[in-house]
Amino acid sequence: MLVNKSLLTLSKNNSKAAIMNMINWSLPSISSLRGSHLIGINLANFIYTVMEKTPDKVLFYDLNACNNYTVDENDLKKIKTSCLIICGELDIMTPLKKSHNLNKLLKNSRLEIIENCGHFHFHEKSSQVRRLISSYIES
C-alpha cells in the first residue's frame, strides 16, 4: 500500500506532526465532532496520545514498510483460508477501492463496510467491529 510521500517524509522528521496529519485525514468529520462512544473521550486526542507514545522512528519504519511492501496478486488468489475484511466507508488512508480489490482477489473472503467511519474503525465504531468479528467467528 503506497504511502503519501509527504507523510512518509514528515514521519521521519517530525512524527508528532505526521500523527496529527494522519488523524486529520483518517477521522471523518462525524467522528471528529462526536468522538468516541465513551463519554468524555475526544477521539482525536485519544488517538494522538496513544500514537505519540510510540518510540521515535517507529511510525516512519511502519509507514515505510507499508510503502515498500508488494503483494503478488497470484499469491493472494492461492489463499483458501476464510478472511474477514473490515473497512471504513470514509477511510482516506486505505481507500474503499483497495478493500474491494482485496475482496475480489481472496477466494473465501467477506467484505464488511462500516458506514460513516474512517481509518480508525476499531475506535470510531468499536461495538460494530466487535459484532462483525463475533458474527464472522460464529459462522
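Is Glu112 buried, partly exposed or exposed? At 22% relative accessibility, Glu112 counts as partly exposed, because buried is kept for values under 20%. Keep in mind as you read on that this is a predicted model.

## The chain as a whole

Let's start with the overall picture. The protein chain holds 9 helices and 2 strands. If you walk along the sequence, the elements come in the pattern α-α-α-α-α-α-β-α-β-α-α. The C-alpha trace spans about 40 × 35 × 25 Å along its principal axes.

Of the 139 residues, 29% count as buried. The accessible surface of the chain comes to about 9100 Å², and carbon and sulfur atoms supply 54% of that area. As for how the chain meets itself, take the contacts with a separation of 6 or more: 71% of these join residues 24 or more positions apart.

## Three salt bridges

Side chains of opposite charge can pair when their charged atoms come close. How many salt bridges does a search of the whole structure find? The search finds 3.

One of them brings us back to Glu112, whose partner is Arg110. The closest N and O atoms of this pair are 3.1 Å apart. Arg110 is partly exposed, with a relative accessible area of 26%, and Glu112 is partly exposed at 22%.

Glu52 and Lys16 also meet through their side chains, with an N to O distance of 3.1 Å. Glu52 lies in helix α4 and Lys16 in helix α2, which covers residues 15–26, so this salt bridge ties together parts that are 36 residues apart in sequence. Both ends count as partly exposed: Glu52 has a relative accessible area of 30%, and Lys16 has 44%.

The pair of Asp75 and Lys78 stays within a single helix, α6 (residues 73–78). These two residues are 3 apart in sequence, about one turn of the helix. Their closest N and O atoms are 3.8 Å apart, which falls inside the 4 Å limit for a salt bridge. Asp75 is partly exposed at 43% relative accessibility, whereas Lys78 is exposed at 58%.

## Asp91, a buried acid

Now for a charged residue without such a partner. Asp91 sits in the loop between β1 (83–88) and α7 (96–105). Asp91 is buried yet has no salt bridge. Which side chain of opposite charge is nearest to Asp91? That is Lys98, 12 Å away.

What does the side chain of Asp91 reach instead? One polar partner is the backbone nitrogen of Met93, at 2.9 Å. Another is the side chain of His119, joined to that of Asp91 by a polar contact of 2.9 Å. Leaving aside residues up to four places away in sequence, Asp91 touches Leu96, Cys117, Gly118 and His119.

## Ser26 in helix α2

Ser26 belongs to helix α2, the helix that also holds Lys16. Is Ser26 buried or exposed? Ser26 counts as buried, with 0% relative accessibility.

The side chain of Ser26 reaches the backbone oxygen of Met22 at 2.6 Å. Beyond residues up to four places away in sequence, Ser26 touches Met93, Gly118, His119, Phe120 and Glu124. Some of these names should look familiar: Gly118 and His119 are also among the residues that Asp91 touches, and Met93 offers its backbone nitrogen to the side chain of Asp91.

## Nonpolar residues at the surface

Which residues form a nonpolar patch on the surface? The patch is made of Ile41, Phe46 and Val50, with about 230 Å² of accessible area together. Ile41 is placed in the loop between α3 (29–34) and α4 (43–52). With 34% relative accessibility, Ile41 counts as partly exposed, so it passes the mark of over 30% that patch members need.

Ile137 is another nonpolar residue to look at, found in helix α9 (residues 126–138). At 62% relative accessibility, Ile137 counts as exposed. The C-alpha atoms of Ile137 and Leu84 are separated by 9.4 Å, although the two residues are 53 apart along the chain.

How values were computed: Residues numbered from 1 in each chain as written. Predicted model: local features only at pLDDT ≥ 70, side-chain atom pairs only at ≥ 80, totals over all residues. Heavy atoms only, no water. Patch = residues over 30% accessible without salt bridge, like charges linked within 9 Å, V, L, I, M, F, W, Y side chains within 5 Å. Areas by Shrake-Rupley, 256 points an atom, 1.4 Å probe, with all protein chains shown as cover. Helix = DSSP H or I, 4+ residues; strand = E, 2+ residues; numbered from the N terminus. Buried < 20%, exposed > 50% of the residue type's maximum accessible area, 1.4 Å probe, protein only. Lys, Arg positive; Asp, Glu negative; His and termini not counted. Polar contact = N/O pair within 3.5 Å; in protein donor to acceptor, adjacent residues only side chain to side chain. Contact = heavy atoms within 4.5 Å.
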